[in-house]
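Please work through the exercises below with the sequence and the 3D view open side by side. Each one sets a task and then gives a solution in steps.

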Amino acid sequence: MYTINPDLQQERDGATFNPYELTIWWDGGTEKHEKRKALEKLFLEDSELKDDLPLSYMSHKQIYENSVRKAVLIAKKLRDLHDVGELSVDTYTALLGGTLGCALLKEGNPLSVHFVMFVPTILGQGTMEQQITWLSKAWELNIIGTYAQTELGHGTFLRGLETRADYDEKTQEFVLNSPTLTAYKWWPGGLGNTANYAVVVAQLLAPFIVQIRDEETHMPVPGVDIGEIGPKLGMKSGNNGYLGFKNVRVPLNHMLMKNQQVLFDGTYIPPKNSALTYGTMMFVRVVLIRDASLALAKASTIAVRYSAVRRQSPIDPNKPEPQIMDHITQQLKLFPQVAKAIVFKANGDIIYDMYAHVSQEIEKGALERLPEMHALSCCLKAVCSADAASGVEVCRLACGGHGYMDCSNFPTLYGMSTAVCTYEGENTVMLLQTARYLVKAYGQAALNPQVQLVPTVAYIKKIIEEPEFVGFDGSSEAIVEAFEYVAANKIRIAYERVEQQRRKGAVPEVATNRCGIEMVQAAELHGRAFLAHTALTEIQALSQKVSPALGEIFQLLLELYLVDACLHGIGDFLRFIKLTQQDVNGLELHFQECLKRLRPNVVALVDGFDLHDRILDSALGAYDGNVYEKIFDAAKKSPLNKEAVNASFQKYLKPLMKSNL
Ligand SMILES: Cc1cc2nc3c(=O)[nH]c(=O)nc-3n(C[C@H](O)[C@H](O)[C@H](O)COP(=O)(O)OP(=O)(O)OC[C@H]3O[C@@H](n4cnc5c(N)ncnc54)[C@H](O)[C@@H]3O)c2cc1C
């Protein structure tokens, strides 16, 4: 056990607020905080769930086998918690995708897709009868499922999926086939070697429950060709797989029929609203907004602590080398990431509540807010995951050479966070989906000023009613309002350009493709305006509820986030809002002032995220800050250090060196 690094201790002693208070907010209250701590103790102190050998030194096969061993232990512990009535949604999410789950299985859990996609799809798309048949087996892990939608040839364009499910009226069965190589399912998590069932999406975009492996022997069932897709940039133990079908028969009642049906005679009844079938994806996207905040919290904790400990390059030539955090450009890199972690967390909570509310309405048959929720979840998933992935990379760069070491944990953090930009809807495609919704909303408002727009797009009408934005004073309120003006104008431009294309004779799809750049920009700004608006209302309200010391920090983070976001999009602000040189100067100085004011509290802030050392898993970011000792300890684990001379010397190097080339 090392003592705390004195530089880090000094930072902690100099903080003006109590990080524990932040932790309590971050965790959602004292009760949830205590539960989280108890859960972490239960799982992190289990020696069976620790890896003595870092994953980087294991083979692809070893990583998988070790991850299954641990996934099973975790599942057993979850069941024990369930049996004593201690299993809540929070526990479930913390262990499957949250910080704790990532600490125990840092490259992914091969059972995640079972819990996160297979079970929720049955819940969301199965009839009551189907839920009774499948859910208890799935919940008890008598069967392990995956969600097989993407194919080798198609992921985004669902109507392009080639897997066929032809109905045989005589036997009342569907016959599944993969007619081409590109029809093979490709990517599903846990499919490679773990799952024995899959929800398979086939034409006409219906989901089927299909047995893919024998329940006793685990051999692929006749007609099914399964394998694992091989190493990836990250998520190395996700066990993503491929799957092909040759005349595989499933009974009619294996098609999940809550939203769409096929009758005994083969008549197809389509869903009332096609978005209903995307309910599970919408839920996962909402959860991913919270995950973006967690990724930034982890990365910024590592980089901030390291920057308090690392000393390099005198600022004043007559003084000793400073902590690298005192270089202002280091603050420029790090502090906005801390602010984003907090803002995304506040937004994630709001969206989660909104989703819960809209889902209840949907259950009752009220579908009015479904398109709005769908558009918002797509857009925020895209904006937050992109910011999280780039924020993790900024934090890595901020740690210089050591940030490039595996033991910094940045490679894994980056691999995990950039994957989110692709799965559950590729980000550009998500933005385009949102943009179509926004352009439609703008068109309605432009053609009929009396139209009532739903709350999250109501701001669009402002530029129709009052085209000029006046009175920008650089305050948080003014920045948020300006963001909405800018977003609304971007949506207007996208709408006008699409209309222009339509007038030139382009069909809607071609028109939107030609205006894809405007569309994506409009959707991104819509997301950023929403994030800014929610940050303002939520964090301001929050500041009143906590101690004045923490309230001040929240206010400061809010200002930092908003000014930073505004400066990043300054070109658009200058285009649509009458900003003067003086206004821009003011924003730049305000930004630098925020960095300066945050500096004394930034270590306490990341301490407030209260991320256990096992969760950070970083030689650079541990609570005690003994960076150099930990980097050295990590290097000593290299198998290449287990012998003084490696065999390759005798075999290759020595003959070369003695051969007088
Ligand atoms: C780690 C990971 C886990 C995954 N897990 C699963 C799983 O469990 N189950 C499952 O079924 N799938 C899974 N997937 C697959 C994932 O859902 C798809 O990769 C994703 O939806 C993107 O589809 P794609 O690969 O076909 O990309 P493509 O659609 O081919 O995208 C390639 C490029 O084309 C662009 N593009 C495509 N269409 C359009 C368009 N209409 N307009 C503009 N640009 C466009 C994209 O923006 C992108 O730049 C996983 C993927 C990853 C990386």
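**Exercise 1: Glu424**

Glu424 sits in the loop that lies between α12 (410–419) and α13 (427–447), where helices (H or I, at least four residues) and strands (E, at least two) are DSSP runs numbered from the N terminus. The structure is a predicted model, in which local features need pLDDT of at least 70 and side-chain atom pairs count only at pLDDT 80 or more, while totals for chains, interfaces and linings use all residues. Residues are numbered from 1 along each chain as its sequence is written.

Task: decide whether Glu424 is buried or exposed, and which residues Glu424 touches.

Solution. Begin with the rule: a residue is buried if 20 or more other C-beta atoms, placed from the backbone, lie within 10 Å of its own, exposed if 12 or fewer, and partly exposed in between. Glu424 has 23 C-beta neighbours inside 10 Å and therefore counts as buried. Next come the contacts, meaning pairs whose C-beta atoms, placed from the backbone, lie within 7 Å. Not counting residues up to four places away in sequence, Glu424 touches Met281, Val284, Arg285, Leu288 and Lys381. Finally, turn to the record: an unreviewed UniProt entry lists Glu424 for "active site", with positions given in the numbering used here, feature names shortened, and annotations that may be inferred rather than shown by experiment.

**Exercise 2: the whole chain**

Task: describe the secondary structure of the chain and explain why the chain is as compact as a globular protein of that length.

Solution. The chain comes to 24 helices and 11 strands. Its radius of gyration is 27 Å, close to the 26 Å that the globule rule gives for 661 residues, so the chain is as compact as a globular protein of that length; the radius is taken over C-alpha atoms, and the rule is 2.2 Å times the number of residues to the power 0.38. Along its principal axes the C-alpha trace spans about 90 × 80 × 65 Å, and 45% of the 661 residues count as buried. Among contacts between residues at least 6 apart in sequence, 74% join residues at least 24 apart.

**Exercise 3: helix α7 and its domain**

Task: find how far α7 reaches and how many of its residues are buried.

Solution. Helix α7 (residues 112–125) has 14 residues and reaches 19 Å from its first C-alpha to its last, close to the 20 Å expected, that span being 1.5 Å times one less than the number of residues. The helix is mostly covered, with 12 of its 14 residues buried, among them His114, Phe115 and Gln125. According to UniProt (unreviewed entry), the feature "domain: Acyl-coenzyme A oxidase N-terminal" is placed at residues 18–144; over these residues the chain is 69% helix and 0% strand, and the end C-alpha atoms are 45 Å apart.

**Exercise 4: Lys32 and Gly223**

Task: state where Lys32 and Gly223 lie and which residues they contact.

Solution. Lys32 lies in helix α3 (residues 30–44) and is partly exposed, with 14 other C-beta atoms within 10 Å. Leaving aside neighbours within four places in sequence, Lys32 is in contact with Asp27 and Asp90. Gly223 is found in the loop between β6 (206–211) and β7 (224–228), and with 15 other C-beta atoms within 10 Å Gly223 is partly exposed. With neighbours within four places in sequence left aside, Gly223 is in contact with Phe245, Lys246, Asn247 and Val248.

Note on methods. Contact = placed C-beta atoms within 7 Å.
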